[in-house]
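Dear colleague,

I am handing over the structure that follows, together with notes on what was found in it. Please read the notes with the structure open beside them.

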Amino acid sequence: MPTFEIRVPRGADEIWMTEQIRLAVAEATKRGKLRPNSVDSITGKNSGNNLGPGTPVTHFHQWEKDAVEVKLLLKGGGCENCNAQYAVPVELAHLGRADRNLEGVRKCILHAVWQAQGKGCSPGAVGVCIGGDRASGYAHAKAQLFRTLDDVNPEPVLAELEANIMGTVNKLGIGTMGFEGLTTLIGCKIGAMNRLPASFFVSVAYDCWAFRRLGVVLDASTGAITQWQYRDPSSPVVPMADQAGFKRTGREVVLTAPFSEADIRALKVGDVVLLNGRMFTGRDSVHAHLMKHDPPVDLHGAALYHCGPVAIKDGEQWVMKAAGPTTSIREEPYQADVIRKFGVRAVIGKGGMGAKTLEALKECGAVYLNAIGGAAQFYARCIERVDGVSLFEFGVPEAMWHLHVKDFPAIVTMDASGNSLHRTWRPKARRNSPRSRVDEREGRMGGFFGVVSREDCVADLFYGRIITRISAPRAAAWWSATATVSGATSTTSRTRRSGRSSRTTWSSTAGTRASVSSATPRTSRCSSRPITAPTPS
């Protein structure tokens, strides 16, 4: 959802500015910089240009300066679904009662982060509002996401609470995408508003590591850009790596669709696979459609990709600009039936699925493959061509796209033997293990793709750079890719405030850049260079 926060001097023409914003959003959507995400809530029809009632969101505020400040935040549905709001006092599972005090606020935040694991492309960041009403609380919580990672809350009590949250959540063992690890959040920013005596709301806005935002300050008389925010214009844009930057280890399993049951049953959790051939996309609308209708294509032996791509038409040919995974758990009510009825052999997405799907995978000989959340443009480069599209009446993100892919990387996290990394979580064992003590000593962070056969999977996320290390009897490998996620129209970076040294934290460009390095398999569990975690702010 594009959200604009605009500060203007007295006398500014807000009506004209709003119209310019709408024109810019429509143009960015036409160029494939934004995915068409505006859907009529009554008819289900996609507007196709990101315009409609409530889209985009624009908030105007007057200030004393003779300048215009425009900030843009692009926050996806997967993250938005992880937002939470608590009316305290409230009983919270495993945490007890949250009362109307800062300790109660702390419990609410921890509960929200726990609930978000695996669904919001963690490690993420949370913006929090204490107080306000239900509407203003959520708005103020989202506004906290415009703060930089390294800022310090001017309110000492809130600064202490932010540091406390960061120090606590990263010891819970939730880790990246809920697969265990020592990095669950990379930022917690808290604000407060006055409230009614009878109400005490704690509102939490969750955002993923692929955080896309941009800000500019304009000269009020000329419209010239006088300052960029969240980026350093002097820093060159690092080109996105393609398949040439993805170094093979020789342990990847190469599969070509349609897949046989024997090939799929041979896969085990932790296996890294490279998919080739035909692949079909299918999100919420497609799955609901398949409950009442036959599929428009033959899905027997096929790969079904939970993906809402960014696609534009070049002449008569469709071109994929971004094609990252969406949160799979939304399809849990349908997925088992789809597998059983239509013979799907591989389901691809992020965040994993539940017990019903796992049972169907085991029964039918299918697997769930976890793709990298936030690597949408890298995956688009794995698509050699678009062979067609079905159910286009659902709109670009929800249509069923017929893709032909080459060396599409993912990891098996739910196999046909009934194993699932998404239901494996051993915080006590991990905290007490020698490996975890090494992780804490060296400042290592995260757990990117999960625990594999009781071996450790540790990912280092350092201001957008991800280095994935997987060690397991069947899949001891390093693999990764550098990706630029389409989303914003200009390169943006979280940097220190002016007057301080520039330091990139989260990045985005016409997306968000996430560099993932790869190397040969380790011979020593402690051989890689330590990466120091950022100091919690």
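**Cysteines**

At 6% relative accessibility, Cys-79 counts as buried, where buried means under 20% relative accessible area, exposed over 50%, and partly exposed in between, computed with a 1.4 Å probe on protein chains only. Before going further, please note that this is a predicted model, in which local features need pLDDT of at least 70 and side-chain atom pairs count only at pLDDT 80 or more, while totals for chains, interfaces and linings use all residues. Residues are numbered from 1 along each chain as its sequence is written, and side-chain values use heavy atoms, with hydrogens and water left out.

A disulfide is a covalent bond between the sulfur atoms of two cysteines. With the criterion of a pair of cysteine sulfur atoms within 2.5 Å, a search of the whole structure finds zero disulfides. For Cys-79 the closest cysteine sulfur is that of Cys-208, and the separation of 3.9 Å is too far for a bond. Cys-382 is also a buried residue, with a relative accessibility of 1%.

**Salt bridges**

Side chains of opposite charge can pair when their charged atoms come close. The search of the whole structure gives 18 salt bridges, each defined as a side-chain nitrogen of Lys or Arg within 4 Å of a carboxyl oxygen of Asp or Glu. Helices and strands are named below from DSSP runs (H or I of at least four residues for helices, E of at least two for strands), numbered from the N terminus.

One of these salt bridges is formed by the side chains of Lys-142 and Glu-80, at 3.9 Å from N to O. Lys-142 belongs to helix α4 (residues 134-143) and Glu-80 to helix α2 (residues 77-80), so this pair ties together parts that are 62 residues apart in sequence. Lys-142 is buried at 15% relative accessibility, whereas Glu-80 is partly exposed, its relative accessible area being 32%.

A salt bridge within one helix is found between Arg-106 and Glu-103, with an N to O distance of 3.4 Å; the two residues are three apart in helix α3 (residues 102-116), and therefore about one helical turn separates them. Glu-103 is partly exposed, at a relative accessible area of 39%.

Arg-283 and Glu-398 make a further salt bridge, in which the closest N and O atoms are 3.0 Å apart. This pair links distant parts of the chain, 115 residues apart, since Arg-283 sits in the loop between β13 (272-281) and α7 (284-290) and Glu-398 in the loop between β19 (383-390) and β20 (400-414). Both Arg-283 and Glu-398 are buried. Elsewhere, Arg-147, Asp-151, Glu-162 and Lys-189 are joined into one network by salt bridges that share partners.

**Strand β18 and its partners**

In strand β18 (residues 367-370), Val-367 and Leu-369 point one way while Tyr-368 and Asn-370 point the other way, and all are buried. Strands are taken to pair if DSSP finds at least two bridges between them. Strand β17 (residues 346-349) runs parallel to β18 and is joined to it by four bridges, and Gly-349 has Asn-370 in β18 as its bridge partner. Together with helix α9 (residues 355-364), β17 and β18 make a right-handed β-α-β unit; right-handed here means that, with the strands pointing away from the viewer, the path from the first strand over the helix to the second runs clockwise. β18 also pairs with β20, in the antiparallel sense and over three bridges, with Met-414 in β20 as the bridge partner of Tyr-368.

**Backbone details**

Which peptide bonds deserve a look for their cis geometry? One is the bond from Thr-55 to Pro-56, which is cis with omega near -5°, and Pro-56 is placed in the loop between α1 (14-30) and β2 (57-62). Another cis peptide bond runs from Val-88 to Pro-89, with omega near 10°, and Pro-89 is found in the loop between β4 (84-87) and β5 (90-92).

Positive phi values in residues other than glycine include that of Asn-50, near 65°, and that of His-94, near 70°. Asn-50 lies in the loop between α1 and β2 and is buried at 2% relative accessibility, whereas His-94, in the loop between β5 and β6 (96-98), is exposed, with a relative accessible area of 80%.

With kind regards
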